[in-house]
Amino acid sequence: MTGRFVTCRVLSGRGVQCTGEAVDPGAELKICARHLAEAQRLIHEAFERAARKGKGSA
């Protein structure tokens, strides 16, 4: 039995949809591993900036 292939919902700047397979097809946010990793990197950087900013304002 073959499963249903659900694609990533991320769009490029030109409006082209990513063709990667969603990590969790049943999730509300359908995103591939590549875009999930990019989101995690951006979130990590934001937390680091916030932590550095918080240390200087004590």
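Cys8 counts as buried in this predicted model, its relative accessibility being 0%. The residue belongs to the segment before H1. Leaving out residues up to four places away in sequence, Cys8 touches Gln17, Cys18, Gly20, Ala22, Lys30, Ile31, Cys32 and His35. One of these partners, Cys32, lies 24 residues from Cys8 along the chain, yet the two C-alpha atoms are separated by 5.1 Å.

Cys32 is itself buried, at 6% relative accessibility. The cysteine sulfur closest to that of Cys32 is in Cys8, at 3.8 Å. Because a disulfide requires sulfur atoms within 2.5 Å, this separation is too far for a bond. Cys18, another contact of Cys8, also counts as buried, with a relative accessibility of 16%. For the sulfur of Cys18, the closest cysteine sulfur is in Cys32, again at 3.8 Å, and this pair is likewise too far apart for a bond. In agreement with these distances, a search of the whole structure returns 0 disulfides.

His35 is placed in helix H1 and counts as buried at 17% relative accessibility. With neighbours within four places in sequence set aside, the contacts of His35 are Cys8, Val10 and Cys18. Two of the cysteines described above, Cys8 and Cys18, are therefore in contact with this helical residue, heavy atoms within 4.5 Å being the criterion.

Val6, like Cys8, is found in the segment before H1. Val6 is buried, with 5% relative accessible area. Apart from neighbours within four places in sequence, Val6 is in contact with Gly20, Glu21, Ala22, Pro25 and Lys30. Among these, Gly20, Ala22 and Lys30 also appear in the contacts of Cys8. Between Val6 and Thr19, which are 13 residues apart along the chain, the C-alpha separation is 9.1 Å.

Ala33 is another residue of helix H1. In contrast to the buried His35, Ala33 is exposed, its relative accessible area being 53%. Contacts of Ala33 beyond four places in sequence are made with Glu21 and Val23. Of these two, Val23 is 10 residues away in sequence, with a C-alpha to C-alpha distance of 5.9 Å. Glu21 is a contact of Val6 as well.

Helix H1 spans residues 33-56, and the secondary structure of the protein chain amounts to 1 helix and 0 strands. The search for salt bridges over the whole structure yields 2. In one of them, Arg41 pairs with Glu38, with 2.6 Å between the closest N and O atoms. Both residues lie in helix H1 and are 3 residues apart, about one turn of the helix. In the other, Glu45 pairs with Arg41, and the closest N and O atoms are again 2.6 Å apart. Glu45 and Arg41 are 4 residues apart in helix H1, a separation of about one helical turn. Through the shared partner, Glu38, Arg41 and Glu45 are joined into one network of salt bridges.

The members of this network are partly exposed. The relative accessible area is 37% for Arg41 and 36% for Glu38, while Glu45 stands at 30%. Because the partly exposed class runs between 20% and 50%, Arg41 at 37% falls within it, as do Glu38 at 36% and Glu45 at 30%.

Over the protein chain, 14% of the 58 residues count as buried; Cys8 is one of the buried residues, at 0% relative accessibility. The protein chain exposes about 5,000 Å², of which carbon and sulfur atoms supply 57%. When contacts between residues at least 6 apart in sequence are considered, 9% join residues at least 24 apart. Cys8 and Cys32, in contact with each other, are 24 residues apart along the chain.

Key. Residues are numbered from 1 along each chain as its sequence is written. This is a predicted model: local features need pLDDT of at least 70, side-chain atom pairs count only at pLDDT 80 or more; totals for chains, interfaces and linings use all residues. Side-chain values use heavy atoms; hydrogens and water are left out. A salt bridge is a side-chain nitrogen of Lys or Arg within 4 Å of a carboxyl oxygen of Asp or Glu. Helices (H or I, at least four residues) and strands (E, at least two) are DSSP runs, numbered from the N terminus. Buried means under 20% relative accessible area, exposed over 50%, partly exposed in between (1.4 Å probe, protein chains only). Accessible areas come from the Shrake-Rupley method with a 1.4 Å probe; for residues, only the protein chains shown count as cover.
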